[in-house]
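Grab a coffee and work through these short exercises with the model open beside you. Each one sets a task, and the solution follows right below it.

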Amino acid sequence: MSVGNVMSAAARALCIATTGTLSGGQASAGVLDSFIDQSALYMTANKQPVQTCLKSPHIKTDISLLSPQITKQKPQNPNGHYPATGELQGLAQMLYGFELSFSLERISSSEGYCVRIAQITVHSGQQTPEIWILPRLSEGSCMYNTTYEHEMQHVQNYHDHLARFEKAVLEELPIILKGQAYYQISSIGESKRAEKMLQDEALAAVAKLHDRSYEKSSLKDQIMDSPSEYRRLSQVCTTR
């Protein structure tokens, strides 16, 4: 069984306009807590601002696939799912989500001004997954091992998501943002609004890539935590 929460892209965009930090409601697996950090901002003088503004931002990733650790502290189980035996025997807790950091560039010349995203870094996977096993199950016993293997498969679903998400960011985000990661402005005074719009649009684009990948892993988690699968697991050790 896996636990956590997630939120919609619309909710993320709304939250960031007021607080700059995001958290969400309940879902079947993982936690999504995405935010934009303090962006680096610098000024560039350029004789050809249009060509420079049209340049695609440099896309980087900082995504880690961390091995899980066993915890004695039982994670919260927001959905209240229990196996067919009526006793919760294991939980896996992972942090689904991402953070973005930006380098923004203001370009000025006698021909006008623009603000562009020079670089985006996508961060994810920095929190170590945790696995909890019912304390009364003896380590090394058939039921302990069966439960551990089940929770490890949830962690693998999470790692598959991270790899899939990173691949989408590196391959698809440059195409999505090509020629779109800038705003032409009439004066430097308009730059703050343009920066905010660029950040919100980039956040929404990354969120779509993340959520598409998350849904695939979430579906696998739901199948793994189905009543029929719990019944099968409860009978594994009786046949050995």
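**Exercise 1.** Work out whether the side chains of R116 and E105 meet in a salt bridge, and say where each residue sits.

Solution. Keep in mind that you're looking at a predicted model. Start with the cut-off: a side-chain nitrogen of Lys or Arg has to lie within 4 Å of a carboxyl oxygen of Asp or Glu. For R116 and E105 the N to O distance is 2.7 Å, and the pair counts as a salt bridge. Next, place the partners: R116 belongs to strand β9 (residues 112-124), while E105 belongs to strand β8 (residues 99-109). They are 11 residues apart, and the pair links distant parts of the chain. Finally, zoom out: searching the whole structure turns up 7 salt bridges.

**Exercise 2.** Find which residue of β10 is the bridge partner of Q69, and which is the bridge partner of Q93.

Solution. Take β6 (residues 69-70) to begin with: this strand pairs with β10 (residues 130-133) in the parallel sense, over 2 bridges. Here Q69 has E130 as its bridge partner. Now go to β7 (residues 90-93), which runs antiparallel to β10 and is joined to it by 4 bridges. Q93 is partnered with E130.

**Exercise 3.** Compare the span of helix α3 with what's expected, then look for a kink.

Solution. α3 covers residues 142-177, 36 residues in total. At 1.5 Å a residue you'd expect 52 Å, and the reach from first C-alpha to last is 51 Å, close to that figure. There is still a kink of about 35° at E171, shortly before the proline P174. Past the helix comes G179, with a positive phi near 70°.

**Exercise 4.** Describe the second largest pocket by its volume and its lining.

Solution. The space comes to about 200 Å³. Residues lining this pocket include I70, K72, W132, P135, E139 and Y144. Sort the lining by class and you get 7 nonpolar, 1 polar and 2 charged residues.

How values were computed: Residues numbered from 1 in each chain as written. Predicted model: local features only at pLDDT ≥ 70, side-chain atom pairs only at ≥ 80, totals over all residues. Heavy atoms only, no water. Expected span 1.5 Å × (residues − 1). Bend = angle between axes of the 7 residues up to and from the residue. Pairing = 2+ DSSP bridges. 1 Å grid on protein atoms, 1.4 Å probe; cavity = no way out; pocket = protein on both sides within 12 Å on 5 of 7 lines; lining within 4 Å. Points joined across faces, edges and corners; volume = space filled by probe spheres on them. Nonpolar A, V, L, I, M, F, W, Y, C, P; charged D, E, K, R; others polar.
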